[in-house]
Structure formats: structure tokens, C-alpha cells
Amino acid sequence: MASISWFLRDAEHRDLDYVHLEPPFLLAGDRLLAKIRNLTVRELPGGTFFRGLTQYDPKRVLRGAFLQ
């Protein structure tokens, strides 16, 4: 059976938490996005500031999850 898996890992790549999402995948996408820590980035590495952007675009996250 097809599934989508999400893992939370620490700096040493040890699994801290995980979930396997099963069909219906239309509902699984919302559950997957709820698990992802989507931080708001407010500063570029060069020290310049800009309006906050989220680290991950939700549309791309869902598209990538269903294409793999």
C-alpha cells in the first residue's frame, strides 16, 4: 500500500518522531503540512533584511510529496 512518511531527526540523524500517512492522500497533504516546521525567514545570510518568507512553500511541499 502506498504511504507518505514524515520523520523528525536531530543533529545526529536519530529519529525523534515519525508518522506514516496513508490514503486518502487529499487529506494526508494537510496532515503532512501540519507536521513540518515552516519557519519564517527574515534575514538573508549577508545580513540584509526583507519581508518574511516561509522556509518552505506549501504548494511545492505537497507537489514534491506526491511525485516521489
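Let me begin with the pair of strands: S1 and strand S2, which covers residues 15–21, pair in the antiparallel sense over 6 bridges, where pairing requires that DSSP finds at least two bridges between the strands. When I say strand or helix, I mean DSSP runs numbered from the N terminus, with at least two residues (E) for a strand and at least four (H or I) for a helix. Please keep in mind that this is a predicted model, in which local features need pLDDT of at least 70 and side-chain atom pairs count only at pLDDT 80 or more, while totals for chains, interfaces and linings use all residues. Residues are numbered from 1 along each chain as its sequence is written, and side-chain values use heavy atoms, with hydrogens and water left out.

Staying with the hairpin, Arg9 stands opposite Asp15 in S2, and there are 5 residues between the two strands. One of the residues in the loop between S1 and S2 is His13, which has a positive phi of about 65° although it is not a glycine. Is His13 buried or exposed? His13 is exposed, with a relative accessible area of 65%; the terms here are buried for under 20%, exposed for over 50% and partly exposed in between, using a 1.4 Å probe and protein chains only.

Asp10 also has its place in the loop between S1 and S2, but at 18% relative accessibility Asp10 counts as buried. The side chain of Asp10 reaches the backbone nitrogen of Glu12 at 3.1 Å, and it reaches the backbone nitrogen of Arg14 at 2.8 Å.

Moving along the chain, we come to a cis peptide bond that joins Pro23 and Pro24, with omega about 10°, and Pro24 is found in the loop between S2 and H1.

Now to the core. The largest nonpolar core, meaning a set of buried Ala, Val, Leu, Ile, Met, Phe, Trp, Tyr and Cys residues joined through side-chain atoms within 4.5 Å, has 5 residues, namely Ile4, Trp6, Leu21, Ala28 and Leu32. The elements that give two or more residues to this core are strand S1 (4–9) and helix H1 (25–35).

Finally, a word on confidence, for which pLDDT is the predictor's score for each residue, from 0 to 100. The chain averages a pLDDT of 75, and 68% of the residues score at least 70. Among the elements of the chain, S2 has the highest mean pLDDT, at 88, and helix H2, residues 58–67, has the lowest, at 62. Where pLDDT is low, the predicted coordinates should not be read in detail.

Conventions:
Polar contact = N/O pair within 3.5 Å; in protein donor to acceptor, adjacent residues only side chain to side chain.
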